[in-house]
Amino acid sequence: MLEKNVTLSLKGCIQGALLCIPVFPGIIALSAVFGTVAAQKGLTFLETLMINSLVFAGASQFVAMEVYNEPLTWGLLIAMVGVTGAVNMRMLLIGASLRPWLGQVPGYQTYPALFFLTDLNWLLAISEYEKGTRDWGVYLGSGLTVWAVWSLSVIPGYFAGSLITDPKAFGLDVILPAFFAALLVPLWKGKRQTVSWLIAGGVAWLTWIAVGGYWSIFTGAVAGAIAGAYLDE
């Protein structure tokens, strides 16, 4: 059912921005690591800034860099688009979950704002929605803040890339999974989340064993969503 009392205010945007402050260290570290990876893959500074700010897709940026190699062929380009699309399919699900809140907002406001949809500001926004907040400035303010911090934090990482020959030696490869694991903590409420997360993890693991690649992200997300929809608290 669509909400009828949805508002947008500067106060809500500021509230959304302030909610992001505790996770700044994770955003900064993750973006800096991406800058390091991009530099080691041979991207120019301008290319790194553009992919980081215009694509703005976190995990799928890392996946694309893993696939990327010189020379860039059409086959490689299609592969990058495919894996990036597979990783980002979860956005269909989390975007749909905002429908009851943003469904009454005019399309010329909603669709540009969806560019700023990330796992993080979705989590913050949906948490505030469940508390009764109907000012969608919380979503917009948190999205803009995450984008700004993410876009700027890639710069030091890019210039540090030439100094770090092996990111794994510094444990930088575990920052991404650790960041997403930390995001799950505020969502945990009991049996329903525990069981659906276990199902999502199990299906993702089986998919990875069976076919490899990145389809496990999509199958795990769909399995977890279905389980969560039918499980009781």
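**View 1. Lys131 is exposed, with a relative accessible area of 62%, and pairs with Glu128 in a salt bridge.** In this predicted model, local features need pLDDT of at least 70 and side-chain atom pairs count only at pLDDT 80 or more, whereas totals for chains, interfaces and linings use all residues. Residues are numbered from 1 along each chain as its sequence is written, and side-chain values use heavy atoms, with hydrogens and water left out. The closest N and O atoms of Lys131 and Glu128 are 3.4 Å apart, where a salt bridge needs a side-chain nitrogen of Lys or Arg within 4 Å of a carboxyl oxygen of Asp or Glu. Unlike the exposed Lys131, Glu128 is buried, at 9% relative accessibility (buried is under 20% relative accessible area, exposed over 50% and partly exposed in between, with a 1.4 Å probe and protein chains only). A search of the whole structure finds one salt bridge.

**View 2. The protein is built from 13 helices and zero strands.** Read from the N terminus on, the elements run α-α-α-α-α-α-α-α-α-α-α-α-α, each helix being a DSSP run (H or I, at least four residues, while strands are E runs of at least two), numbered from the N terminus. Of the 233 residues of the protein, 42% count as buried.

**View 3. The largest nonpolar core has 27 residues.** Such a core is a set of buried Ala, Val, Leu, Ile, Met, Phe, Trp, Tyr and Cys residues joined through side-chain atoms within 4.5 Å. Within the largest core, the residues that touch the most other members are Ile27, Phe34, Leu43, Phe62, Met65, Val146 and Trp150. Two or more residues of this core come from each of helix 2 (24–40), helix 4 (59–67), helix 5 (74–88), helix 9 (119–130) and helix 10 (137–160), and helix 4 gives the most, with six residues. Apart from this core lies another, of 18 residues, which includes Val6, Val105, Trp122 and Val138.

**View 4. Phe45 and Tyr158 form one of the eight aromatic pairs in the structure.** Rings of Phe, Tyr and Trp (its six-membered ring) pair if their centres lie within 6.5 Å, and planes under 30 degrees apart count as stacked, over 60 as edge-to-face and the rest as tilted. For Phe45 and Tyr158 the distance is 5.5 Å centre to centre and the angle between the planes is 50°, which makes a tilted pair. This pair links distant parts of the chain, with Phe45 in helix 3 (residues 45–55) and Tyr158 in helix 10, 113 residues apart. Phe45 is partly exposed, with a relative accessible area of 30%, whereas Tyr158 is buried, at 15%.

**View 5. The rings of Phe116 and Trp147 meet as an edge-to-face pair.** The planes of these two rings stand at 80° and the ring centres lie 6.2 Å apart, so the pair is edge-to-face. Phe116 lies in the loop between helix 8 (107–113) and helix 9, while Trp147 lies in helix 10, so the pair ties together parts that are 31 residues apart in sequence. With 16% relative accessibility, Phe116 counts as buried, but Trp147, at 29%, counts as partly exposed. Ring pairs link both residues with Phe56 and Phe115 into a cluster.

**View 6. Phe56 and Pro71 are two loop residues with backbone features to look for.** Phe56 is found in the loop between helix 3 and helix 4, and its phi is near 45°, a positive value in a residue other than glycine. Phe56 is also buried, at 7% relative accessibility. Pro71, in the loop between helix 4 and helix 5, is joined to Glu70 by a cis peptide bond, with omega about 0°.

**View 7. Residues 43–64 and 138–158 are among the spans that UniProt lists as "transmembrane region".** The record is an unreviewed entry, and its other spans are 12–37, 76–96, 108–126, 170–188 and 195–217; UniProt positions are given in the numbering used here, feature names are shortened, and annotations may be inferred rather than shown by experiment. In the model, residues 43–64 are 77% helix and 0% strand, and the end C-alpha atoms of this span lie 12 Å apart. Residues 138–158 are 100% helix and 0% strand, with the end C-alpha atoms 31 Å apart.
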